[in-house]
Amino acid sequence: MVCERKQCASGDRTGTTALSRVTFTGQHCGYPVGGVVTQQPPKSKTCKRSGCLHRIKYVQKNKEKDSGNMEGAPAKGVLSHLSLLEVKARSRKTQLQQQSRVMELKAKVEALKTQREQLKAQIQTHQDLQKLRLAMDKQCADEEEENMEEESENSKLLRLMARHTQLKDLLHAHHLIGGYDIIKTRKGKGACVSIATAYEDVFLDTFNLEIDLKPTVKISRHNIPPFIPLNNLAEQNNMQTDLRVFLDTLSKHLNAFAGRKQQLKLVKEKHKSVEVMESNVLCSLLVLLFTVPREKTAVLCTLDYTDHTRCLPTRVHLESEDKQLPDSPQWKKNCTLLMETPVHKALITMKKMGSIA
Amino acid sequence: MEKMSDENTEEVKVLESEIERLQAEVESLQHQQQEINKDITFHYSQQMENALVFMCGQRQEGGKEMVMSRLKEELEELEEDMKLQTEINGITLNSCTTKTLQNSGRKLVQQLSLSGNCSELVFQVEFQLSEIKDSERSKRTIGDLNVVLDSSDLQNFSSFLSRCIFCPYDRNLPESAWSVSESAAKSRSLISEARPHLDCVAQSEEFGKQQMEKYLR
């Protein structure tokens with residue numbers, strides 16, 4: 001029978017036998033109930049725990065032979081013994097819990113201390129490295145001699161590390177100031193060169209060349225657009241003997257091309273009132289259609305960039321329905337402007353002046 | 001039984017407060033470390049990482065000799081690269097200091113100071129580098145260009161500068177050293193544009209040829 005009282009231990013109705021005589025005991029609500037030594041199971045009793053009035057059933061388990069002994073702890077003794085055991089068990093449990101919690105916390109303290117020491121060491125090393133690097137930079141900038149005083153093993157290692165960061169920064173600087181990034185390949189038999197392009201403070205595309213150095217200097221692979229006369233340039237500039245001059249010329253061509261291309265892009269983006277009638281892949285020819293405000297006259301402007309190493313046109317030609325217009329002082333000025341200023345900037349001025357819409 | 005439980009609670013309290021204290025310490029140290037890392041823009045190579053770990057007191061297999069010899073090897077490679085770059089660019093860079101002004105996820109702004117020489121012309125250059133990362137590509141721009149030269153013959157260089165800088169420079173500075181500064185953005189192809197001029201100024205085309213011969217040999 002299951003006790004329906006909420007806090008009751010559900011269905012606890014096992015009895016145990018003890019001693020030589022068959023003993024029927026019961027348990028209910030976690031409390032031992034009436035150890036009754038008897039031959040027969042007692043009649044059903046009610047749980048004496050306050051507030052619980054359920055009947056308890058007694059069940060015999062592990063029936064033993066009756067040895068005939070008349071031993072038997074008095075009921076009260078068993079009860080109090082059991083209570084004592086229970087309390088002991090509980091307190092041991094809490095004690096264990098507390099001890100393990102203390103150990104847990106101690107371990108955490110140790111872990112945090114280790115972490116703290118590690119962080120301190122890392123920060124100290126970085127600070128030492130920075131200090132040494134600053135000193136080295138100053139020495140190199142002022143071109144002083146290094147003072148090779150006696151150093152400890154650790155400071156030797158630190159010096160190597162500082163030099164490492166210094167070289168990395170210097171190589172990066174070479175890259176940033178527009179140098180050719182060169183890497184030797186195949187044990188010195190070849191080289192990879194990167195040429196960066198930029199226009200008006202913005203870095204643009206990078207072009208790459210793979211060069212064979214031995215037996216003769218020649219280009220094996222590249223990603224330079226076909227309208228750049230790579231082979232001509234190689235021949236004219238004597239790539240065999242003067243690699244740097246060849247690269248300089250190539251770089252001029254590529255940078256000028258990138259600059260013109262960028263100008264075209266900006267014209268299309270920022271000057272929607274100006275129509276781009278014609279342009280070519282090399283961006284060496286540009287035909288624009290202007291509209292004069294008020295009169296709405298159309299002006300066709302052709303920009304020829306025959307010098308492919310420059311970002312400015314070599315010739316500006318104007319055509320208009322109004323035959324007088326190209327010779328007017330205002331438009332002669334515009335012509336000069338277009339020859340001397342990058343087109344996207346010139347258009348801003350021309351708009352301001354009211355020449356074009 | 002009761003007494004032991006009290007002692008335990010006391011100890012637990014002490015330990016918990018110590019843990020709180022240590023956690024605060026660790027957090028402030030981590031913050032300090034982050035500040036330092038802000039200025040480091042390159043990922044350290046494996047050998048550098050090993051060296052750092054060693055310096056912090058952690059032992060590794062092979063010990064100090066291994067760490068040092070491996071780092072030396074890597075250094076030699078870098079010195080070789082440096083020599084190559086110097087020869088192909090015709091410009092010797094002596095020092096480069098970088099200061100990171102801003103380093104959020106997408107935007108990186110650095111202030112760079114370089115010093116070096118081109119043949120016999122000694123120079124110092126300062127500029128600001130901004131890098132903005134897009135989804136596909138990153139955009140790099142140069143600003144605040146500042147050039148300090150030490151030379152009396154600056155005709156060619158001044159014409160180069162006036163081409164790419166839209167502001168007149170101050171000619172009133174003494175001849176031996178003058179600086180040009182411009183707050184608008186500039187062309188960054190300092191080498192490709194400047195080298196012909198710097199070479200002229202230093203009058204050492206011959207020197208350049210010798211350099212290239214050395215390189216090609």
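Me: Helices (H or I, at least four residues) and strands (E, at least two) are DSSP runs, numbered from the N terminus. In which helix of chain B does Glu77(B) lie?

Reply: This is a predicted model, in which local features need pLDDT of at least 70, side-chain atom pairs count only at pLDDT 80 or more, and totals for chains, interfaces and linings use all residues. Residues are numbered from 1 along each chain as its sequence is written, chains are lettered from A and ligands numbered from 1 in the order in which they are written, and side-chain values use heavy atoms, with hydrogens and water left out. The helix that holds Glu77(B) covers residues 63–89 of chain B and is H3.

Me: Is Glu77(B) buried or exposed?

Reply: Buried means under 20% relative accessible area, exposed over 50%, and partly exposed in between (1.4 Å probe, protein chains only). The relative accessible area of Glu77(B) is 54%, so this residue counts as exposed.

Me: How many bridges join strand S10 to S11 in chain A?

Reply: Two strands pair if DSSP finds at least two bridges between them. S10(A) covers residues 285–291, and its Thr291(A) has Ala298(A) as bridge partner in S11(A). The two strands run in the antiparallel sense, and the number of their bridges is seven.

Me: Which residue in the turn of the hairpin formed by S10(A) and S11(A) has a positive phi?

Reply: Six residues separate the two strands of this hairpin. In the turn, a phi of about 65 degrees belongs to Arg294(A).

Me: Which residue of S12(A) is the bridge partner of Asp304(A)?

Reply: S11(A) also pairs with S12(A), which covers residues 315–320, in the antiparallel sense over six bridges. Within this pairing, Asp304(A) is matched with Arg315(A).

Me: Why is strand S11 of chain A largely enclosed by the rest of the structure?

Reply: S11(A) covers residues 298–304. It is largely enclosed because, of its seven residues, the number that are buried is five.

Me: What distance separates the C-alpha atoms of Thr309(A) and Lys252(A)?

Reply: Thr309(A) belongs to the loop between S11 and S12 of chain A, and it is partly exposed at 29% relative accessible area. Lys252(A) is 57 residues away from Thr309(A) along the chain. In space, their C-alpha atoms are separated by 5.5 Å.

Me: How many salt bridges does a search of the whole structure find?

Reply: Side chains of opposite charge can pair when their charged atoms come close. A salt bridge is a side-chain nitrogen of Lys or Arg within 4 Å of a carboxyl oxygen of Asp or Glu. Over all chains, the search gives a total of 20.

Me: What is the N to O distance in the salt bridge of Arg90(A) and Glu86(A)?

Reply: These residues are four apart in helix H1 (residues 75–141) of chain A, which means that about one helical turn separates them. Arg90(A) is exposed at 54% relative accessible area, whereas Glu86(A) is partly exposed at 37%. Their N to O distance is 3.3 Å.

Me: Which residue meets Arg116(A) in a salt bridge of 3.1 Å?

Reply: Arg116(A) is buried at 15% relative accessibility, whereas its partner is partly exposed at 41%. Both belong to a network of salt bridges that includes Lys113(A), Glu18(B), Arg21(B) and Glu25(B). The partner at 3.1 Å, N to O, is Glu117(A).

Me: What is the N to O distance between the side chains of Arg140(B) and Glu131(B)?

Reply: Arg140(B) is buried, with a relative accessibility of 17%. Glu131(B) is buried as well, at 14%. The two side chains meet in a salt bridge at 3.6 Å.
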